[in-house]
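Visitor: Could you walk me through this one? I'm new to reading structures, so let's take it step by step.

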Amino acid sequence: PILSLQSINSMLPAREIPNSIAKRITRLLDLHQSPYYDKAEVKKFFKGLNKDVKRKEVDYKSFWGEDFEIFRMITQNTVQAYRFTVFNATFFKKSWDKREERMYANFLLTKEKMKEGKFYAQFGALHTDINTSSRWEFPTLANRLNYSPDSPVQGKVLTISRYFRKLNSDF
């Protein structure tokens, strides 16, 4: 959530803020400028922002311009991250698949906005199994990127996974 706050702040357009969304944007600036982040306040902010974007989409689109889709993706993903917890995923196994599906959709949206080229990304080990595995009951992000027919990087994905002998050990 803090990274989302920083990302959105770094994307702020240099144009006049419509009055209808000024309160939310001002709150974003206030939260970002504070040297201390109150997790509960940030969570409340993103939930409210997500609802506000749905209600005032036209105003947010006019303010964010061509970055609106990325802005909306960040706000939606942040709210989803609050809902997805390892605890919930332990009891609701399908949430893992939905998470991988969302990450894949995020990549497709982000890729659309970027120029051609090579991509580097860093993900946790769960997302990097390129082939189907007995460990996971769903296709991982790497698997979707490498094998999905609609993937712009189909057949071009390389993953390098790091595992530690002891969970809390140094490199």
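Guide: Sure! Keep in mind that this is a predicted model. Let's begin with one side chain: Phe68 has a relative accessible area of 2%.

Visitor: Is Phe68 buried or exposed at that value?

Guide: Buried means under 20% relative accessible area, and exposed means over 50%. Phe68 comes in at 2%, so Phe68 is buried.

Visitor: And Phe71, is that one buried or exposed?

Guide: Use the cut-off of under 20% again. Phe71 has a relative accessible area of 1%, so Phe71 is buried.

Visitor: How do the rings of Phe68 and Phe71 sit, stacked, edge-to-face or tilted?

Guide: Both residues lie in helix H5, three residues apart, which is about one turn of the helix. Planes under 30 degrees apart would count as stacked and over 60 as edge-to-face, with the rest called tilted. Here the ring centres are 6.3 Å apart and the planes meet at 45°, so the pair is tilted.

Visitor: What about Phe45 and Phe46, what kind of aromatic pair do they form?

Guide: Phe45 and Phe46 are both buried. Their ring centres are 5.3 Å apart, with 75° between the planes, and over 60 degrees is the cut-off to remember. That makes the pair edge-to-face.

Visitor: Which residues form one aromatic cluster?

Guide: We've met two of the members, Phe68 and Phe71. By the ring-pairing rule, the count for the structure comes to six aromatic pairs. The full cluster is Tyr60, Phe63, Trp64, Phe68 and Phe71.

Visitor: Where do the buried residues of H4 fall, on one face or all around?

Guide: The buried residues in H4 are Tyr60, Phe63 and Trp64. Look down the axis of H4 and these fall within an arc of 85°. So they line one face of the helix.

Visitor: What covers those buried residues of H4?

Guide: Look around H4, which runs over 57-64 and is followed by Gly65, a residue with a positive phi near 60°. The cover for its buried residues includes H1, H2, H3 and H5.

Visitor: Which helix gives the largest share of the largest nonpolar core?

Guide: That core has 22 residues, and Ile8, Phe46, Leu49, Tyr60, Trp64 and Phe71 touch the most other members. Helices H1, H2, H3, H4 and H5 each give two or more residues to it. The largest share, six residues, comes from H5.

Visitor: Which residues does Leu49 touch, leaving out those up to four places away in sequence?

Guide: Leu49 is one of the core members that touch the most others. With residues up to four places away set aside, its contacts are Ile8, Arg24, Tyr60, Phe71 and Thr75.

Visitor: How far apart are the end C-alpha atoms of H2?

Guide: Start with what you'd expect: H2 has 15 residues, and at 1.5 Å a residue it should span 21 Å. The model agrees with that, as the end C-alpha atoms of H2 are 21 Å apart.

Visitor: Which exposed residues does H2 carry on the face turned away from its buried side?

Guide: First find the buried side: Ile21, Ile25, Leu28 and Leu31 are the buried residues of H2. They cover an arc of only 115° around the axis, so they sit on the same side of H2. These buried residues pack against H1, H3 and H4. On the face turned away are Asn19, Lys23 and Gln33.

Visitor: Now for charges. How many residues apart are Glu57 and Arg72?

Guide: Side chains of opposite charge can pair when their charged atoms come close. Glu57 and Arg72 meet in a salt bridge, 3.3 Å from N to O. Glu57 is in helix H4 and Arg72 in helix H5, so to speak distant parts of the chain, 15 residues apart.

Visitor: Glu57 also meets Lys61, so how many residues apart are those two?

Guide: The side chains of Glu57 and Lys61 form a salt bridge at 3.3 Å, N to O. Both lie in helix H4, about one turn of the helix apart, and the separation is four residues.

Visitor: Which residues are linked in a network of salt bridges?

Guide: A search of the whole structure finds eight salt bridges. In one of them, Asp52 pairs with Lys56, with the closest N and O atoms 3.1 Å apart. At 3% relative accessibility Asp52 counts as buried, while Lys56, at 27%, counts as partly exposed. The network links Arg24, Asp52, Arg55 and Lys56.

Methods. Residues numbered from 1 in each chain as written. Predicted model: local features only at pLDDT ≥ 70, side-chain atom pairs only at ≥ 80, totals over all residues. Heavy atoms only, no water. Core = buried A, V, L, I, M, F, W, Y, C linked by side-chain atoms within 4.5 Å. Buried < 20%, exposed > 50% of the residue type's maximum accessible area, 1.4 Å probe, protein only. Contact = heavy atoms within 4.5 Å. Expected span 1.5 Å × (residues − 1). Arc of directions from axis to C-beta. Phe/Tyr/Trp six-rings, centres within 6.5 Å; stacked < 30°, edge-to-face > 60°. Salt bridge = Lys/Arg side-chain N within 4 Å of Asp/Glu carboxyl O.
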